[in-house]
Amino acid sequence: MKTRNTLLAQARKVSATGVMALCIGAGAFMTPLVSQAQNYASTQRQPIDSVVAVVNDNVIMRSELNGRMAQIEQQAQAQGGSLPPRATLEAQVLERMVMDEVQLQLARRANLTIDDTELNRQLRTIAESNNMTLEQFADAVESDGMTLADVREDIRREMLMRQVQQRQISQRISVSDRDVQRVLDQQGSQNGDQSFVEEIRARHILVELNPTRSEDQARARAQEARQRLQQGADFASVAREFSDDSGSALNGGELGWVRPGQTVPAFEEAMQSLGANQISEPVRSQFGYHVIEVEERRRQNVTEESRREQIRQAIFQRRANEELQTWQQEIRSEAFVDIRL
């Protein structure tokens, strides 16, 4: 079972990254573990299954609790750790399962889902972190008496819980520039190599190809927009009239400050060749034809920016961990839970 424990632990670590990572463990042996009793051929089965907890409109069965207990005991044995008395551990594990079930119910009510593409990406990440291919990963799982389908379902549940946590907690936390500056002042100045990048503030008009607009028609429409600009028309007005990029068109075609690598190659090559206030010829990309204007250029110190972002993320992480505990206590108290140990 060592392989399964390791892989599932890494699944939780990976699925918690991104916007924020939420640390919810209450000790090594209390790491959230999701499994069903049927996943463990060696688990002693009870002659008659029974309900050990009612959580709103769902139940947790004795067989599920026994499966979770078996996994934790095997993990502790493999790591050489000690566990509290069985009755105490059983109560702690069941409470963790109740908390998981409450969060999964919230995810279902919010219609949150983990699609197969996202799940497969997660599995591939876990396999690669173990220097395995997906095929080797499946073989390792099966060698522990599991199936890849079982592990996929376990990871999907963990990802759903992380998703509902992220959605709820991110709404309750904000980090202001003043918070960041306060930490910077406490840390003092830091000498080091500065790194600069050239940024371009640009705007564009996009004419897409579609079933009713051919290549020639799209190019002609983009050329018409450019001619209007050359004749002195206001860029924002022309963008609102001609551009199919609804996101930027409503803002007058503005893209803001753009860094190298943030746009498709054809767009970036054309943009880099323009001087300030210069308008491009129609530029073809996979999105259609662009008419681009460079408004200004600047060199940005990304070392300072990176430092600020690291501080912002650290503050957010600390507050998220604190807020998560409060939120979990709230949803636990609001749920109907009947423990039947």
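**Two sheets, two cores and a helix crossing**

In this predicted model, helices α3 and α6 are roughly perpendicular to each other, because angles of 65 to 115 degrees count as such and the two axes cross at roughly 75 degrees. Those axes come within 9 Å, and the contact is built from D100, Q103, L104, L106 and A107 on α3, which meet R157, L160, M161, V164 and Q165 on α6. Sorted by class, the contact of α3 with α6 comprises six nonpolar, two polar and two charged residues.

The two helices also take part in the largest nonpolar core, which has 44 residues, and in which I60, L65, V93, V102, F137 and I155 touch the most other members. At least two residues of this core come from each of β1 (51–55), α2 (62–79), α3 (86–109), α4 (116–129), α5 (134–143), α6 (148–170), α7 (177–187) and α12 (302–334). Of the contributing elements, α3 gives the most, with nine residues. In soluble globular proteins, nonpolar side chains tend to be buried together. A second core, separate from this one, holds 13 residues, among them L229, F242, I279 and Y289.

From the core one can turn to the sheet that contains β1. This open sheet has three strands in the order β2-β1-β7, with antiparallel pairing. Because β2 (58–61) and β7 (337–339) stand at the edges and each has a single partner strand, one side of each is left without a neighbour in the sheet. Neighbouring strands here are turned against each other by 20 degrees on average, direction ignored. Strand β1 is mostly covered, with four of its five residues buried.

The pairing on either side of β1 can be followed residue by residue. Towards β2, the antiparallel pairing runs over four bridges, with V51 opposite M61 and A53 opposite I60; I60 is also one of the core residues that touch the most other members. The two strands form a hairpin with two residues between them, and N56 in the turn has a positive phi of about 55 degrees. Towards β7, β1 pairs in the antiparallel sense over three bridges, and V55 stands opposite V337.

Two helices lie across this sheet. Helix α2 lies across β1 and β2 and runs at about 55 degrees to β2, whereas α3 lies across β1, β2 and β7 and runs at about 40 degrees to β1. Helix α3 therefore links several parts of this description, since α3 is roughly perpendicular to α6, gives the most residues to the largest core and lies across the three strands β1, β2 and β7.

The other sheet described here is also open, with four strands in the order β4-β3-β6-β5 and antiparallel pairing. Its edge strands are β4 (254–258) and β5 (283–285), each of which pairs on one side only, and the twist averages 40 degrees from one strand to the next. Strand β3, residues 196–207, pairs with β4 in the antiparallel sense over four bridges, and within this pairing E254 of β4 is the bridge partner of R203.

Helices pack on this sheet as well. Helix α9, residues 235–242, touches β3 and β6 (288–301), and its direction makes about 55 degrees with that of β3. Helix α12 likewise packs on the sheet with contacts to β3 and β6, its direction making about 90 degrees with that of β6. Helix α12 is also among the elements that each supply at least two residues to the largest core.

Terms used. Residues are numbered from 1 along each chain as its sequence is written. This is a predicted model: local features need pLDDT of at least 70, side-chain atom pairs count only at pLDDT 80 or more; totals for chains, interfaces and linings use all residues. Side-chain values use heavy atoms; hydrogens and water are left out. A nonpolar core is a set of buried Ala, Val, Leu, Ile, Met, Phe, Trp, Tyr and Cys residues joined through side-chain atoms within 4.5 Å. Buried means under 20% relative accessible area, exposed over 50%, partly exposed in between (1.4 Å probe, protein chains only). Two strands pair if DSSP finds at least two bridges between them. Axes are lines fitted to C-alpha atoms, for helices over the stretch in contact, and angles run from 0 to 180 degrees between N-to-C directions. Contact means heavy atoms within 4.5 Å. Angles under 35 degrees count as roughly parallel, over 145 as roughly antiparallel, 65 to 115 as roughly perpendicular and the rest as oblique. Ala, Val, Leu, Ile, Met, Phe, Trp, Tyr, Cys and Pro count as nonpolar, Asp, Glu, Lys and Arg as charged, and the others, Gly among them, as polar.
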